[in-house]
Amino acid sequence: MFKQQPIFAIFLLCSGVLGWSQQNSSYDFETQLMGRYLAQDFGIANIALEGRTDFADRSSAQEHFALLETKAKLRLNQSGSEKLLQQFQINYPLNPQVDRVNFDLANYYFDQQKYSYALKWYGKVKAADVPKRDIPKYNFNKGYTYFATKKYKAAKPYLERVVDHPTYESDAHYYLGHIAYQLDDFESATSAFGKSNKKKQGDVAYFQVDMNFRLGRFQEAIRLGEQQYRNAKGNDKSQLSKIIGESYFNLQEYTKALPYLEAYEGKRKRWTNEDFYQLGYAYFQAQDYEKAIGQFNKILGKNTALIQHAYYHLGLCYLKTDKKTEALNAFRSASQKSSDAAIQRAAMLNYARLSYAIGNPYEAPPKVLQHFLEKYPKDPATEEIEALLVDSLTSSGNFEAAYTLLQNSGNLKEENTLQKLAFLIGVEKYSTAKYSQANEYFEAALKHKGEAFVFLSQYWNGHAYYEQRQYAKAQKAWEAAQKSTAGTAGEEAQELPYHLGYARFKLKAYEEALTAFESFLKTVAPADSKRRDAQLRLADSHYALRAFWPALEAYNSAIAMAPKRSSYAYYQKAMSYGFVDRKAQKISTLKRLLEQYPKVPLRDDAIFELANTLAAEDQPEEALQTFDLLISEQTQSPYRTRAYLAKALLLYNRDQAKEALLTLRALVDQYPKDVVVAEAVRLAKEIAVDIGEVNQFTLWVRSLEVPTMSDAELEKTAFQALDKTFQEGKSKAAQKSILEYLAQYPEGIYRRNVVFYQGELYFESDNWKDALIAYREVYEAGINEFSEKSLVRASVCARSLGQTKELIQILERLEQEADFEENKQYAAVNLMQAYASDQQFEQAFDKAQALLKDPNLDPQIYWDAQQLIAEAGTVLGKAQAVEQAYARLVDAPSAQRAAKALLWQAKQLRTQKQFEDSNAKIALIAQKYASESLIGGQALLVMAQNFLDLGDAFQADFIVKSVLENYASTPEISDRALELQVQVTQRLGEENASVESLENPSNEN
């Protein structure tokens, strides 16, 4: 029957359907139509049936062709065909073929391998309506249809009904074996496959290998698999290599497993986490750590035992290859997963040790160590971790926490370490101006039974007392340090006599001060900045003891050390000449001072002293000229009123009474409330009587409100009490006295001193606004004994208040007027920074370059200048200068500066595609400068990009997730991290089937 199909096909090509149906009789039509139908030309048959009308008078033919038409349309799956079948059943309920339509149609779709359609129609077939001879076919077809649509449990009972049928027996066993295999019933699968015919055995071989593997029969899986492997090809070979390799892996024969695991190609060219783990672990066992890393670092996922083990062994591999930063990340990830408690503990221990050894960019090493101790308080490694914690706290500057930990730990309580920590805390308190707290810790250090820090504790204890103006206690501490045997070397030991000399000097113990300063000068290096200062204080001590010839000699030595900064030494030298009755030398020395130092705080002192000396030496004309110089030039000087008075007296003694009287009147008119006015009025009265102008004098006096001598004495007494309180460091009492003085003597002669003291007290309490107002009044009065220090202090206040414009004005003035070289440098460096802050980058860059040319530049200023060159040079496009500056800044003592420099270098190396070198720079940031959190976050993003380009997906993924965890509140970092996370996930998903796209990467831990 099926052999006739080609004939009908040829006939169809030769004849038109319409002509064919019209030109043949009903009988011929029926015969040929059946031929078409049986040949499965349902489309042609359907068209012919729709166009035929000549059998309408024959009911039997009509019923027959209606059935054919319905079947044809159902086979064509035309819309409405099922309704047509329902209508046929209504129209012809007695037709014997109606009950077979569903079965025939189901078999048709089965033959066409359209199993979902077949299953639909088999579902409508009642077994009772199937002819007995077709029952086996019905069971097999329906069972296979369920099998083909992966409904294994439904398929099983139908296939079991034909396992003894000769036609279907072998196939039924085969598919039942498949079903058992899919349902993991490997015993049944093995039995069923064994009953299948020999033609199917080749197909079964793979399943037998796999089933033995799944049943844990690894040796048998290897035996059968290797037999098949020799001739296998393509995907079959790949799948067999996986089974054989994993079987060897499970038998811990890792070397044998390797070639098979390597040969596996994955599913659709993608591996899973388990695939990467097995190959990675096999490499690990073979001690091929680099290859192991290449597999482990492709594994991503959440909290599973496999993931945790993979990351732990990845950490071990990194350690074996000396990649400690990468190991830190792997151990941290493994320690955060709890599937395997033993692995978690081991990972956490390694993570803690590495955090201590190389630093940690994600959390402070002390925190990591403390966490281990809290989680495993009785662990065998507890004592080791406690020791690391103490050292880590100390290294990170958290001395108080280390001190507390040591005091509370029975195992680690060690006096030498406690002494060291107490000392370090004291230094920390001292550096933040908490001097009384510093004293407490220095005293505590001295109570611990150690030796190494006795000297240093005594030394800095003295400094803390000195800063509080408690000079007697400072002297006692420094004298104790001098007697200590622990500190016989070092900078502090060398400088101790210098500081001890100062304390004695402040206590007016000048003989003892001399001894200390002489001792210091015998040992200090010629270039030491304190040498000249010590020489001056030595001279001052001689001077205070009225040993003027030794004083002269000492002042000359100080002048020789720094001729350009010796105005004070010249002045004291001149005064010493006066006391030894060498007036000519005094005069010449004062003249030289005025000539060489036109702008110094002591200028008005020198002018006044020169004028008085000239007058005493009977050089009236030059004396008068000198008094006039002071009056005209030093308009804010406290000596101006006394210069008026001295000039008037000199004029009177030279019989120039009227000129003298005019001078006195000018004095009183300008300074009606000055302390010298009373004396000026008495002298004016004497002159008026002498020249007979008493009436005029009387009228003039009556117009004045002249202060009495008692008023002047009261003001002087008030100031002296205030000054004593201030010098003793009694801040509250001094502040009260200052307010009382300014209220009672708003224009008092000591106002400048008092306002400066007020500024100092405001400054000490960080009251920048009021301090700036006070200092401004002092330095705006012109160059005076307080102006230079006021400018320095005012600059600090302006900077603290963010008043950049005023800061620049203050610093420019300080740079011009400063007498001390240190203050000139201070002005220059702060001016450099202020220019940069005000975006005057050219000026800032030039100022920095100029500073670096100074061979005696203070180290702190040197680093400030280098930082400025790097930053301003970047803006100005000075690439070479920027590169050189950052190369130096990596060695800066400031953590922030060094970290920034390393980050800059890391970015440069990245642009040059030197990814590993870039990561090495970033690792240094984590190791040395973990406190620089923001820089660390930026550096980690660069590191993540480097690892992504190096193909180390684990590191890239881990770092990005850690950044998202730690910098969620820092958008400039977290936003970039989210972008990187998408890139990492996409890259990993290309080869790891276990990686799924993350809609919200920040939630992945």
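## A guided tour, beginning at Ile691

Select Ile691, which counts as partly exposed at 30% relative accessibility. Because the partly exposed class lies between the buried limit, under 20%, and the exposed limit, over 50%, a value of 30% places Ile691 in that class. The model on the screen is a predicted one.

Keep Ile691 selected and show the helix around it: this is α39, residues 677–691. Next, display Ala657 and Leu661, the residues in contact with Ile691 once its neighbours within four places in sequence are left aside. For Ala657, a distance can be drawn in the viewer: its C-alpha lies 7.5 Å from that of Ile691, although 34 residues separate the two along the chain.

**The whole protein**

Zoom out to the full model. The protein has 55 helices and 0 strands. Its chain runs to 1005 residues, of which 51% count as buried. With the surface switched on, the accessible area comes to about 49600 Å², and carbon and sulfur atoms hold 49% of that area. Among contacts with a separation of 6 or more, 54% are between residues 24 or more positions apart.

**Tyr362, in a loop**

Now select Tyr362, in the loop that joins α21 (341–358) to α22 (365–375). Is this loop residue buried or exposed? Tyr362 is buried, with a relative accessible area of 8%. Display its contacts beyond four places in sequence, which fall in two stretches of numbering: Leu328, Asn329 and Arg332, then Leu940, Phe958, Ile959, Ser962 and Asn966. To see how distant parts of the chain come together here, add Tyr967: 605 residues separate Tyr362 and Tyr967 in sequence, while their C-alpha atoms are 9.6 Å apart in space.

**Helix α33 and its cover**

Move to helix α33, residues 567–579. Its 13 residues span 19 Å from the first C-alpha to the last, close to the 18 Å expected at 1.5 Å a residue. The helix is largely enclosed by the rest of the structure, because 11 of its 13 residues are buried. Colour these buried residues: Ser567, Ala569, Tyr570, Tyr571, Gln572, Lys573, Ala574, Met575, Ser576, Tyr577 and Gly578. Then show what lies over them; the cover includes α31 (529–544), α32 (548–561), α34 (583–596) and α35 (603–616). After the end of α33, stop at Asp581, where phi is positive, near 60 degrees.

From this cover, follow α31 to His542, which lies in that helix. His542 is buried at a relative accessible area of 13%. Leaving out residues up to four places away in sequence, His542 touches Leu514, Glu518, Ala547, Pro550 and Ala551.

**An enclosed space**

The last stop is a cavity. The model contains 2 cavities of 30 Å³ or more, and the second largest holds about 40 Å³ of space. Which residues line the second largest cavity? Select Pro601, Ile783, Ser787, Glu788, Leu791, Leu814, Glu817 and Ala818 to display the lining. By character, the lining divides into 5 nonpolar, 1 polar and 2 charged residues. Two helices, α45 (787–800) and α46 (804–817), each supply at least two residues of this lining. Helix α45 gives the most, with 3 residues.

Note on methods
Residues are numbered from 1 along each chain as its sequence is written. This is a predicted model: local features need pLDDT of at least 70, side-chain atom pairs count only at pLDDT 80 or more; totals for chains, interfaces and linings use all residues. Side-chain values use heavy atoms; hydrogens and water are left out. On a 1 Å grid over the protein atoms alone, a cavity is a set of points where a 1.4 Å probe fits but cannot get out, and a pocket is an open set with protein on both sides within 12 Å along at least five of seven lines; lining residues have an atom within 4 Å of a point. Grid points are joined across faces, edges and corners, and a volume is the space filled by probe spheres set on the points. Helices (H or I, at least four residues) and strands (E, at least two) are DSSP runs, numbered from the N terminus. Ala, Val, Leu, Ile, Met, Phe, Trp, Tyr, Cys and Pro count as nonpolar, Asp, Glu, Lys and Arg as charged, and the others, Gly among them, as polar. The expected span of a helix is 1.5 Å times one less than its number of residues. Buried means under 20% relative accessible area, exposed over 50%, partly exposed in between (1.4 Å probe, protein chains only). Contact means heavy atoms within 4.5 Å. Accessible areas come from the Shrake-Rupley method with a 1.4 Å probe; for residues, only the protein chains shown count as cover.
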